Amino acid sequence: MRPTIGKGRLNVDDSCVSCRCRPGRVGDVCPCSGHPKRRKRQEHAGGRNCSRSAGNGERVAIVEADPQGTISKWKERRGHPDPRVVRVADPAEIEGALVSLEAEGIWLTVIDTAATNNALAMHAIARANLCLIPVRPSPADIEAAIPTLVAIRRLNRRFAFVLAQTPPRGCRVSEAAASLNSLGVLALPYVGQRNDHQDALGAGLGVTEFAQEGRASEGVRELWRWILKKLGEGSRS
Ligand SMILES: Nc1ncnc2c1ncn2[C@@H]1O[C@H](COP(=O)(O)OP(=O)(O)OP(=O)(O)O)[C@@H](O)[C@H]1O
Ligand SMILES: [Mg+2]
């Protein structure tokens, strides 16, 4: 079926991503893919939302700071230990979660917050190496992102807008992109409106697992490369 976490780990059909052998259970480390993984400095990406894409064999976790619980429900449907999902209800719990995930060898933690500037979101922003603000191409969504942007600026954090659920045609995307570019950095590419995203969420999968070769996966992989580059730039400065 669809590959998941990357080199040294297994696809959801039990075959190794690197060499396609079938050494054992889903999530096991492939014995033939080589060396123990180098431990990298843990990065935290946070802000209004999260990307559920996985990296290149790096261990990823999600801290869910949104009481709506969309990610925990997704994780229940997933029925697989990766990625780790930790729910937090109090700002102080975020710090504890980040410390224990780092001790577990997690390299990237994505903190998903509600679309408000409540105390949980403020704490997540303060701890994030890069804040991602998903915005749909509508004036109301752009307006709704302003309080988050103000908070990010006040806390002097690095950030980018992610234009999400963009329709395949029409002028509203370019208008929204122009507005967001005037407010700050806009990540590329935009995330198009596609059924694969909804179906993956419903199936407890990442979109790159649900439809590996689909256009939605292609876009998410490219966006992930953009985000990774930004994270790298931040760790050098
Ligand atoms: N690119 C997309 N194409 C189609 N549907 C999408 C896309 N992105 C998200 N959705 C759908 O929109 C709904 C909300 O998505 P998601 O939970 O990612 O957004 P959110 O910003 O976290 O929302 P909330 O503010 O409610 O937490 C879900 O049903 C999801 O499947
Ligand atoms: Mg959400």
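These legends go with a handful of close-up views of a predicted model.

**View 1. The whole protein chain, before we zoom in.**
Take a moment to get your bearings in this predicted model. The protein chain folds into eight helices and seven strands. How many of its residues count as buried? Out of 237 residues, the share is 36%. Now think about contacts between residues with a separation of 6 or more: 64% of those in the protein chain link residues that sit 24 or more positions apart.

**View 2. The residues around ligand 1.**
Here we look at the 14 residues that surround ligand 1. Which of them come nearest? They are Ala-115, Gln-193, His-197, Gln-198 and Leu-201. Two elements, β6 (159–166) and α6 (195–203), each give two or more residues to this shell. Helix α6 gives the most, with three residues. Sort the shell by class and you get five nonpolar, seven polar and two charged residues.

**View 3. His-197, up close.**
Let's stay with one of the residues that come nearest to ligand 1, His-197. His-197 is part of helix α6. Is His-197 buried or exposed? It counts as buried, because it has 23 C-beta neighbours inside 10 Å, and 20 are enough for that label. Leaving aside residues up to four places away in sequence, His-197 touches Val-207 and Ala-216. You can also look across to Val-220: it is 23 residues from His-197 in sequence, and the two C-alpha atoms are 9.9 Å apart in space.

**View 4. The two sides of helix α1.**
Helix α1 covers residues 70–78, and its buried residues include Ile-71, Trp-74 and Lys-75. Why do these three sit on the same side of α1? Because they cover an arc of only 100 degrees around the axis. It helps to remember that an α-helix has 3.6 residues a turn, so residues three or four places apart point the same way. Over on the other side of α1, Glu-76 and Arg-77 are exposed. What covers the buried residues of α1? The cover includes strands β2 (60–65), β3 (84–87) and β4 (108–113), along with helix α6. Right after α1 comes Gly-79, with a positive phi near 60 degrees.

**View 5. Two cis peptide bonds.**
A bit of background first: most residues other than glycine have a negative phi, and most peptide bonds are trans. The bond joining Asp-82 and Pro-83 is cis, with omega at about -5 degrees. You'll find Pro-83 in the loop between α1 and β3. The bond from Leu-188 to Pro-189 is cis too, and its omega is near -5 degrees. Where is Pro-189? Look in the loop between α5 (172–183) and β7 (191–192).

**View 6. Asn-156 and Gln-165, with their positive phi values.**
Neither residue in this view is a glycine, so keep an eye on the backbone: most residues other than glycine have a negative phi. Asn-156 has a positive phi, near 60 degrees. It is found in the loop between α4 (139–154) and β6. Asn-156 is exposed because just 7 other C-beta atoms lie within 10 Å, and the label goes to residues with 12 or fewer. Gln-165 has a positive phi as well, about 55 degrees. This residue lies in strand β6. With 16 other C-beta atoms within 10 Å, Gln-165 is partly exposed.

Conventions: Residues numbered from 1 in each chain as written. Chains lettered and ligands numbered in written order. Predicted model: local features only at pLDDT ≥ 70, side-chain atom pairs only at ≥ 80, totals over all residues. Near = placed C-beta within 6 Å. Helix = DSSP H or I, 4+ residues; strand = E, 2+ residues; numbered from the N terminus. Nonpolar A, V, L, I, M, F, W, Y, C, P; charged D, E, K, R; others polar. Contact = placed C-beta atoms within 7 Å. Arc of directions from axis to C-beta.
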